[in-house]
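Visitor: I've got this model up on my screen and I'd like a close look at one part of it. Could you pick a pair of packed helices, walk me through how they meet, and then show me what lies around them?

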Amino acid sequence: MQAEVPLNSTIPSATIIIPAYNEEERIGKVLREISDFISKNNVNWNVIVSIDGNDGTEDIVKKMMGEYNFISYDKNHGRGGKGYAIKRVVGKATGEYTILMDADGSLDFSKITDSINYMKDYDIIIFDRYSNKNNKIPFFRRMPSRGFNILVRAILGIKVNDTQSGYKIIRTDMIREAFSKIAVTDAFYDVALLYYLNEFNPIIKEIDEVTYNHESNSKFNVISLTLGMGISLVAFRVRHSRLYKYIPDWARELYSRKFKWI
């Protein structure tokens, strides 16, 4: 019987979390790239796919689980929002670091693996899509994002260039603590996450030399997303101010019901 090859201890352990809402057309390729890296390098990494929706995504993940024992998934039959998809599985992360990834493959996985050397020196690594070196993002996506980033910096003091990047590496103890405080479940969760992570005074590395492959079949409607994010930003700021106690219950309920699903 051949002796088992020891795990590669030179690379920090990590758990990859991938929120997936109806991603049957793209999740297979993403998981294959990840699995090839983990297998070839024998690293102590595992993958959790947090599934919303009822398409064929679950079947694809199940098939991959038959090949690789480091893949698992969690299934929610409805749509709880991207933030909720991560929140419900982050407690299962076992690595020293947690890697957040989108299921669309908009950032080559090789860029994450090329950044492994930074992991031991930083608490948070963010892959910035909006540097001047990246001109593949169309104007109708870039303009509202850059405007929103200006507001986030001014209102919440978060000095990060791409708060909405779906690609981040975060120390697991920090991300667990931050998510224990996050109540928003929509796409605004990224801002809330960084807001609570700032309480740790983390060492942050923003990597801007990335090639972002814009997906024209994105699940997001830019107009509704921008509107929802703007309202969420104001609501979040009020929630963390002295004004919150004056907000009536009906207004809080209306906000939660209207924008939770964006």
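Guide: Happy to. Let's start with H1 and H2, whose axes come within 10 Å of each other and cross at roughly 20°. An angle under 35 degrees counts as roughly parallel, so that is the label for H1 and H2. Their crossing is right-handed. Keep in mind as you turn it around that this is a predicted model.

Now zoom in on the side chains. On the H1 side, look for Ile-27, Gly-28, Leu-31, Arg-32 and Ser-35; they meet Thr-57, Ile-60, Val-61, Met-64 and Glu-67 of H2. It's a mixed bunch: 5 of the residues in this contact are nonpolar, 3 are polar and 2 are charged.

Next, follow the chain into the loops that lead to these two helices. Asn-22 sits in the loop between S1 and H1. Its phi is near 50°, which is a positive value in a residue other than glycine. With a relative accessibility of 26%, Asn-22 counts as partly exposed. Over in the loop between S2 and H2 you'll find another asparagine, Asn-54. Asn-54 has 54% relative accessibility, so this one counts as exposed. Beyond its neighbours within four places in sequence, Asn-54 contacts Asn-22, Lys-75 and His-77. That puts the two loops in touch with each other, through Asn-54 and Asn-22. As for His-77, it is 23 residues from Asn-54 in sequence, with 6.2 Å between their C-alpha atoms.

Now look at what H1 packs into. The largest nonpolar core has 35 residues, and those with the most contacts inside it are Ile-16, Ile-18, Ile-34, Trp-45, Val-47, Met-101 and Ile-112. At least two residues each come from S1 (14-21), H1 (27-41), S2 (45-52), H2 (57-67), S4 (97-100), H4 (109-113) and S5 (124-127). H1 is the top contributor, giving 6 residues. As a general point, nonpolar side chains in soluble globular proteins tend to be buried together.

Ile-18 is a good place to stand if you want to see that core from the inside. Not counting residues within four places in sequence, Ile-18 touches Ile-27, Val-30, Leu-31 and Ile-34, then Val-47, Ile-48, Val-49 and Ser-50, and also Met-101, Asp-102 and Ala-103. You've met two of those partners already, Ile-27 and Leu-31, in the contact of H1 with H2.

There is another core apart from this one, made of 32 residues, and Ile-124, Ile-126, Ile-175 and Leu-233 are among them. To get your bearings there, try a second helix pair. H6 (residues 172-179) and H7 (residues 189-197) have axes that come within 9 Å and cross at roughly 115°, so these two helices are roughly perpendicular to each other. The crossing of H6 and H7 is right-handed. From H6, the contact takes in Met-174, Ile-175, Ala-178 and Phe-179; from H7, Tyr-189, Leu-193, Tyr-196 and Leu-197. Here the count is 8 nonpolar residues, with no polar and no charged ones.

Two more residues lead you to Ile-126. The first is Ser-165, in the loop between H5 (139-156) and S6 (168-171). Ser-165 has just 1% relative accessibility, so it counts as buried. Its contacts, leaving out neighbours within four places, are Ile-126, Phe-127, Arg-129 and Asp-190.

The second is Ile-204, in strand S7 (residues 204-207). Ile-204 counts as partly exposed, at 30% relative accessibility. Past its neighbours up to four places away, Ile-204 touches Tyr-122, Ile-124, Ile-126 and Asn-198. Tyr-122 is 82 residues from Ile-204 along the chain, yet their C-alpha atoms are separated by 5.9 Å. In the loop between H7 and S7 there's also Asn-201, which has a positive phi of about 50° without being a glycine. Asn-201 is exposed, with a relative accessible area of 68%.

Pull back now for the whole chain: 9 helices and 7 strands, and 47% of its 262 residues count as buried. Among contacts between residues at least 6 apart in sequence, 78% join residues at least 24 apart.

Note on methods: Residues numbered from 1 in each chain as written. Predicted model: local features only at pLDDT ≥ 70, side-chain atom pairs only at ≥ 80, totals over all residues. Heavy atoms only, no water. Axes fitted to C-alpha atoms, helices over the stretch in contact; angles between N-to-C directions. Helix = DSSP H or I, 4+ residues; strand = E, 2+ residues; numbered from the N terminus. Parallel < 35°, antiparallel > 145°, perpendicular 65-115°, else oblique. Left-handed = near helix turned anticlockwise from the far one by under 90°. Contact = heavy atoms within 4.5 Å. Nonpolar A, V, L, I, M, F, W, Y, C, P; charged D, E, K, R; others polar. Buried < 20%, exposed > 50% of the residue type's maximum accessible area, 1.4 Å probe, protein only. Core = buried A, V, L, I, M, F, W, Y, C linked by side-chain atoms within 4.5 Å.
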